[in-house]
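I opened this model to look up its strand pairings, aromatic pairs, cysteines and nonpolar cores. My notes follow in the order in which I checked them.

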Amino acid sequence: MRLDHIGIVVKSVEKAIEEYSSFRGEIEAPKIEVVESQGVKMAMFQENSMKIEFIEPIDNNSRVYNFLSKNSIGGLHHLCYKVEDIEETYMRYKKQLKCIVPKCSGHSGHIVAFFILRNTNCGYRLLELME
């Protein structure tokens with residue numbers, strides 16, 4: 001397992017790209033992608049070996065809509081870990097953590113699953129697994 005990206009919920013992906021690009025300088029703007037299965041519009045910045053994902057709900061049925069409404073400016077939403085075998089990892093984590101999104105299609109055709117971390121002291125509660 002290795003950390004793949006940090007997910008940040010924003011009000012507007014376009015405005016987040018513009019602001020992030022303005023203070024980062026010479027950086028290629030990412031492609032915006034709509035992920036219907038999650039109800040989001042997203043864009044992924046590559047930062048050396050790390051990625052930063054901006055996520056915007058596309059309507060009030062989006063999986064991140066409530067997060068944005070509770071945190072009016074958005075913010076850190078999840079950490080995503082890339083795994084070799086999502087089936088094995090999913091079954092192992094399903095025994096220890098609460099799964100809130102079972103395996104489904106994510107951005108760029110990746111298979112993803114989301115889990116809630118209970119009683120966390122590390123500043124985030126949502127974990128994404130991605131194959």
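Entry 1, hairpins. I started at the turn between strand 3 and strand 4, where 2 residues separate the strands and Asn48 takes a positive phi near 55°. The model is a predicted one, and I read every value below with that in mind. Strand 4 covers residues 50-57 and pairs with strand 3 in the antiparallel sense over 8 bridges. Next to the turn, I found Glu47 standing opposite Met50 of strand 4.

I then went to the other neighbour of strand 3. Strand 2, residues 32-35, pairs with strand 3 over 4 bridges, in the antiparallel sense. For Val34 I looked up the bridge partner in strand 3 and got Lys41. This hairpin has 4 residues between its strands, and Gly39 takes a positive phi near 70° there.

Entry 2, burial of strand 3. How many of the 8 residues of strand 3 are buried? I got 7, so strand 3 (residues 40-47) is largely enclosed by the rest of the structure. One aromatic residue with a number in that range is Phe45, which counts as buried because its relative accessibility is 1%, under the 20% limit.

Entry 3, aromatic pairs. I listed the aromatic pairs and the structure holds 6. One of them is Tyr20 with Phe23, an edge-to-face pair at 5.2 Å centre to centre with 80° between the planes. Both residues sit in helix 1 (residues 13-24), 3 residues apart, which is about one turn of the helix. Is each of the two buried or exposed? Tyr20 is buried at a relative accessible area of 10%, whereas Phe23 is exposed at 58% relative accessibility.

Next I checked Phe45 against Phe54. Their ring centres are 5.9 Å apart and their planes meet at 85°, so I noted this pair as edge-to-face. Phe54 is buried, with 7% relative accessibility. I also noted that Tyr20, Phe23, Phe45 and Phe54 form one aromatic cluster.

Entry 4, cysteines. I searched for disulfides and the count is 0. I looked up the exposure of two cysteines anyway. Cys80 is buried at 0% relative accessibility. Cys99 has 24% relative accessibility and is partly exposed, because that value falls between the 20% and 50% limits.

Entry 5, nonpolar cores. The general expectation I had in mind is that nonpolar side chains tend to be buried together in soluble globular proteins. Which residues have the most contacts inside the largest nonpolar core? That core has 13 residues, and the answer is Tyr81, Tyr93, Leu97, Phe115, Leu127 and Leu129. I then asked which elements give two or more residues to this core. They are strand 5 (75-82), helix 3 (86-96), strand 7 (111-116) and strand 8 (126-130). Helix 3 gives the largest share, 3 residues.

I took Leu127 as an example and left aside its neighbours within four places in sequence. Its contacts are Leu79, Tyr81, Tyr93, Leu97, Ala113, Phe114, Phe115 and Leu117.

There is also a second, separate core, with 9 residues. Val13, Ile17, Tyr20 and Ala43 are among them. Tyr20 therefore appears twice in my notes, since it is buried at 10% and also belongs to the aromatic cluster with Phe23, Phe45 and Phe54.

Methods:
Residues numbered from 1 in each chain as written. Heavy atoms only, no water. Phe/Tyr/Trp six-rings, centres within 6.5 Å; stacked < 30°, edge-to-face > 60°. Buried < 20%, exposed > 50% of the residue type's maximum accessible area, 1.4 Å probe, protein only. Disulfide = S-S within 2.5 Å. Pairing = 2+ DSSP bridges. Core = buried A, V, L, I, M, F, W, Y, C linked by side-chain atoms within 4.5 Å. Contact = heavy atoms within 4.5 Å.
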